[in-house]
Amino acid sequence: MKFLKIPSLLLALCWSATAFANTGVAFVHGTGKQTDAYTNYWTGDFVQSVMNGNGNKYVVINCDFDQFMWKPEAAGCLAEQLSTFITQQNINALYVITHSNGGNVIRWIMSNPTLDNRYPGIINAIREVTALAPSSKGTPLADASNNGNTFEQSVGWLLGYTSDAVRQQQVGWMAQYNNNNLYGTAGRPSLPKPFKAVIGSDVDSAFWDSDSYCGGYQYQLGLEITQNWLDDCSDGFLECSSQAGAGSVWFYDKSKTRGREPLSHHQSRRDCFNLDKILRDDI
Amino acid sequence: MKNKLLILATASISLFAQTSYAASDYASFNFAIDAKQELQQGPQAYSVSSNEYWRQVSGAELKSGIVLHTTQPGAVVLLSSAKQGSTELDTGLVQLNSLDTQQSAIEKKVSASDLASTGVFANTMAITTSEHLQAGSLQLVSQQSLSDKDRYIVTVKEKHSPYALKLNIAQQSFTSEQTISATAQLHMHNQGVNIQQLNAELIAPDGKKYPVLSSVSQSGSAQFYLSKPEQIQSPINGLYELKVSTLGKDQGLTVQRNAKLAIALVDHNASIQAVTLKDSADKLSAQVEIEASQSSRFEVRAVLYGTTSQGKLIPVMESHAAQTLSAGTEQLALTFDQDMLAKAGVSAPYQLQDIRLYDQQQLGLVDRK
């Protein structure tokens, strides 16, 4: 029987490196104003499953991401909660999990280090960002829901679910921000820390399939309409090209999920098809 | 336009008329860039292609019927109610008929509640037209007792239509000193479609509208010249939108298309006058001379390139420095991370490329060299 002999110095060095890495996890929600994202956005089951075996240092962010990403209520709020978490828990290896527009807000912080004196500390503490279905290049659905606003003198007459955050996620708006204010897209300097995206590529909405109900069922009829604005590869809200638009692609859903199930936009923030376990193991 | 500053690797000290830093809010930050990265230089062109159009209609118009033009079967029609003050539409009382045959053009209706479940459209019902229907003109009418003053948006989306309106612009960020122009083409499979009607306007972040000068050619293309608003709403408030509506004719079909593209307008309140790299014995740094017409917090960003042992110039780091500057001429220091330089294994000659000046109070790009 042969034993693998590891040089003792190497072992000591490895132990030293891990001993100094104080890991914490941050869950950053998407568009919307959250006051209890742990319950309402991610669910406790998802958060606890991701953290299972990863210690107990985590923060679930609650901010107003109905605002433009640079607003104090958005990036300012995110910076405050991350800074407090980093300082209080002495975190030096922050694993950030974002969903949807949350990816844009953390990218704002990482791309504008001199804008706010909290940003450099956060950037330095970040180990990596895992962006679940990030809206890095916006979505044509944001354009469609904002088209009616061009008729009015004031944006007070709003259709549907639009908000400043939805205006910001129009395709042309995100192109402007990506070219001028944000890093990480093709041709631009890369972000200062790894930003890896998980891509949702389809929506399974067969009512007879129990998998369709994970994360909440989306009615087929509605999805057939919204698909007219999207490429064939989409999670029902974002095209794959937008999700893959910044940073690097970690994986497309079916390549790693249980049963090769796709992750719709709602499912990519829930414990569907082993997503929680994939994140848990990665942390 | 590529602008590079090549500085020799000899030690040099530049003397400036003013070297004081205005306030103590100086901040700098560097991060490494992968040497293999291909970085874009200068402003980027942007274009958008649209296969849809939308228009506002009143309750009175909906009751009497409005004409919608389609260029393909299987189009999607959205009917959206204004959030406040408009009667919610009864899906069952909305009809869509072919103008030619008077037969129903409806394949499927989706109610507002079903569409709202997607989390995207609220107060909106949808109709898909029959795949067996010829492209052409349809009449949309509601049998409901709507108030004449109710307001609705009708959107027609034709995902697989060969007809598209393409809007093009050379860059999406402009200062108050720059001329803004854009072009458009209404086309079918790259063949121009004659534009019979065109309307263009510039819409500010607060919804205010400005006229746009347009010229249209026979070949289906148009040019736009946007006059800048007297008072610019800078990007911190949101973006302007150039919205173009066209109507054309092709092979007996009426082609309607709308498109819009986003533009950032920035007050040109500062400019980069000079940039000097200083390579002293143990430290590489740069001084950026900025002339500002008003005080603000300005930020300089640049990509630092160094030379490898094989003589190749590679990107090393993205460098940032920001400080509140007074009106007048001031210096902003760019400092570079010496560890990053060492790790990249580069030496002189160094270059700074794509030097950008931002006004952080506007969140806008004011100059670029």
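How much area is buried between chain B and chain A? About 5,700 Å² is buried, and carbon and sulfur atoms give 56% of that area. Buried area here is the accessible area (1.4 Å probe) that two parts lose on being put together, summed over both.

This is a predicted model, in which local features need pLDDT of at least 70 and side-chain atom pairs count only at pLDDT 80 or more, while totals for chains, interfaces and linings use all residues. Residues are numbered from 1 along each chain as its sequence is written, chains are lettered from A and ligands numbered from 1 in the order in which they are written, and side-chain values use heavy atoms, with hydrogens and water left out.

**View 1. The contact between chain B and chain A.** Chain B supplies 73 residues and chain A supplies 64 residues (contact: heavy atoms within 4.5 Å).

**View 2. The salt bridge of A:E224 and B:K108.** The two side chains meet at 2.8 Å, N to O. The rule finds 1 salt bridge across this interface (a side-chain nitrogen of Lys or Arg within 4 Å of a carboxyl oxygen of Asp or Glu).

**View 3. B:R368 in strand β27 of chain B.** The strand covers residues 364-368 (strands are DSSP runs of E, at least two residues, numbered from the N terminus). B:R368 is buried, with a relative accessible area of 17% (buried means under 20%, 1.4 Å probe, protein chains only). Leaving out residues up to four places away in sequence, B:R368 touches A:N180, B:G42, B:P43, B:D354, B:I355 and B:R356.

Notes: Helix = DSSP H or I, 4+ residues; strand = E, 2+ residues; numbered from the N terminus. Buried < 20%, exposed > 50% of the residue type's maximum accessible area, 1.4 Å probe, protein only.
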